[in-house]
Amino acid sequence: MSYSGTIIKINKDSLAEELGLGVGDMIISINGQQLIDIIDLSFAFAEEDISLLVEHKDGQQELIEFEKEYDEELGVEFESAVFDGIHHCGNNCCFCFVDQIAPNMRESLSVKDDDYRMSFLYGNFVTMTNMGKSDFERIRRLHLSPLYLSVHTTNAKLRSRMMNSKRAGEIENQLDILDSIDVQYHTQIVLCPDLNDGAELEKTIKDIGARIPNALSIAIVPVGLTKYREHCYKLTMYDKEGMSAVIAQVEKWQELFRKKIDNSFVYLSDEFYLTAEYPFPESCYYDGFPQLDNGIGLSRNFIDEWRIQQERDQGNQYGYERLLNITVVCGISAGKVFRPLLKNMNIDNLHVHILAVENEFFGKDITVTGLLTGQDILKALKKQEGDCDGVILPASALREGEDIFLDDWTLQKLKDEYKKEMKVAADADALYSLLTRWNHVKDIRENNLYTWQSNAAYTK
């Protein structure tokens, strides 16, 4: 069976443009090699003499032969990184966030992907329960490293029970295979009260730690529960005392690893420190933030970036000719981080209101900014007291590359409903720039790496 990658964008002045390729064209093969994903394409396109088989939008096929530089890229974007279809998750995890999505939402939100290729390419976490010998052989042959693995526990029986999958119990054997082919991996634990915490967490950290240097890190995130948990396994969330206990437990391991390998190795997501009302560790304890996109160290990184901006701006005088009232929208968790930082801003005629929005759509236990919806933001904006001249929205609440919230509200709809100027920021630098130069800076969304809060609740 042959597969093809459909082009959705041609980069300007690219090789693809020079070759006359267009949007809607499909790449079928390179030098006779069938392609199942952009990994295959990348390896095949490394050659200098290329025979490119293309099916144009009108259905006509064309073989294009040309020479290129070794590192010259085609310069296109594809409809999907995998041409043969995404590998789906066959588990039924007791903590799965996708099973807690509100009804009648867009279909893409209910897709359970579990594809090792997306793990290698984009850092998506995979369980490996749908992988066979050929998958591990391809990983070995192409050296697809590092991978991002949802481990949760190394207790085979417990993992099978938590994930409702017999194959989940093979985790140790699968890690053995990755170790034997010298593939490195970051790991994740979704921590559930009275299931995989306590003594089970001790065992899991110990087992994964024994696999250093192939094991690169452990991220621990607390289970997230929405109000749409019909027919789901009965779970509870950690309270302040429970979060504090986990922090104390993990700190012991961090100190042990720092003495052994000069690295914390195991990291807690921001929710633990926020709920427990603990200070965030200093940035050196995050060792370069290896799992930032998983909500590990986002707040510390934001605080550090904010302070760097303030230091750079020392001596600069900012101010506005008339009173400017700006509302900064965020989730409940991020509000705890923002308030002390913005309280110290001293800009003439600027009044900043932190609007920490309660998540009524998914449930008030969901406090991350990335899961805010357009309708909840509008309700909160209309309820806020005082004047508002403009609104700064978090980029993490919008679908990447698009102006659409999780509830399919568009940014334009929100603007039309609230009728105030709105701008979007993705990180501390962007937020600082908007507040200090409101009249001269537009949306700042180019850098989506350091978003205010991650969608860490989306875990397998």
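Begin by selecting D262, which sits in the loop between α8 (240–261) and β10. In this predicted model, the phi angle of D262 is near 60°, a positive value in a residue other than glycine. D262 has a relative accessible area of 60%, and because the cut-off for exposed is over 50%, D262 counts as exposed.

Next, select M128, in the loop between α3 (116–122) and α4, where phi is again positive, at about 70°, although M128 is not a glycine. Is M128 buried or exposed? With a relative accessible area of 1%, M128 is buried.

**The sheet that includes β10**

From D262, move on to β10 (266–268), an edge strand that pairs on one side only, as does the other edge strand, β7 (147–150). Colouring the strands in the order β7-β8-β9-β10 will show an open sheet of four strands with parallel pairing. Neighbouring strands of this sheet are turned by 20° against each other on average, when direction is ignored.

At the β7 edge, display the backbone of β7 and of strand β8 (residues 185–191), which pair in the parallel sense over four bridges; to find one place in this pairing, select L147, whose bridge partner in β8 is Y185. Just outside the strand, P146 lies in the loop between α4 (133–142) and β7, and the peptide bond that joins S145 to P146 is cis, with omega at about 0°.

Now add helix α7 (residues 199–209), which lies across β8, β9 (215–222) and β10 and runs at about 160° to β9. Following the chain out of this helix brings you to P213, in the loop between α7 and β9. Here the peptide bond from I212 to P213 is also cis, with omega near 15°.

**The sheet β12-β11-β13-β14**

Turn next to another open sheet of four strands, ordered β12-β11-β13-β14 and paired in parallel. Which strands stand at its edges? They are β12 and β14, each of which has a single partner strand, so that one side of each is left without a neighbour in the sheet. On average, and with direction ignored, neighbouring strands here are turned by 25° against each other.

Select β13 and β14 together to see two strands that run parallel and are joined by five bridges; in this pairing, G390 has E421 of β14 as its bridge partner. With both strands still shown, add α13, which lies across β13 and β14 and runs at about 145° to β14. Then add α14, which lies across β11, β12, β13 and β14 and runs at about 150° to β11.

**Helix α12 and its surroundings**

On the way to helix α12, stop at L371, in the loop between β12 and α12. L371 counts as buried because its relative accessibility is 0%. A distance drawn between the C-alpha atoms of L371 and G331 should read 8.2 Å, although the two residues are 40 apart in sequence.

Helix α12 itself covers residues 374–383, and its buried residues are G374, D376, I377, L378, A380 and L381. If you show what surrounds these side chains and backbone atoms, you will find that the buried residues of α12 pack against β11 (319–331), β12 (348–357), β13 (390–394), α13 (411–418) and β14 (421–425).

Of these partners, look at α13 in more detail. The axes of α12 and α13 come within 10 Å and cross at roughly 20°, and the two helices are therefore roughly parallel to each other. The crossing is right-handed, and the residues to display are G374, I377, L378, L381 and K382 of α12 with L414, E417 and Y418 of α13. By class, this contact has five nonpolar, one polar and two charged residues.

**Helices α10 and α14**

For the last stop, select helix α10 (residues 298–312) and helix α14 (residues 428–436), which pack at an angle of about 45° with their axes 8 Å apart. These two helices are therefore oblique to each other, and α10 passes α14 in a right-handed crossing. The contact is made by F302, E305, W306, Q309 and Q310 on α10, and by A428, D429, L431, Y432, S433 and L435 on α14. Coloured by class, the residues of this contact divide into six nonpolar, three polar and two charged. When reading the α10 side, it helps to recall the geometry of such a segment. An α-helix has 3.6 residues a turn, so residues three or four places apart point the same way.

Technical notes
Residues numbered from 1 in each chain as written. Predicted model: local features only at pLDDT ≥ 70, side-chain atom pairs only at ≥ 80, totals over all residues. Heavy atoms only, no water. Buried < 20%, exposed > 50% of the residue type's maximum accessible area, 1.4 Å probe, protein only. Contact = heavy atoms within 4.5 Å. Axes fitted to C-alpha atoms, helices over the stretch in contact; angles between N-to-C directions. Parallel < 35°, antiparallel > 145°, perpendicular 65-115°, else oblique. Left-handed = near helix turned anticlockwise from the far one by under 90°. Nonpolar A, V, L, I, M, F, W, Y, C, P; charged D, E, K, R; others polar. Pairing = 2+ DSSP bridges.
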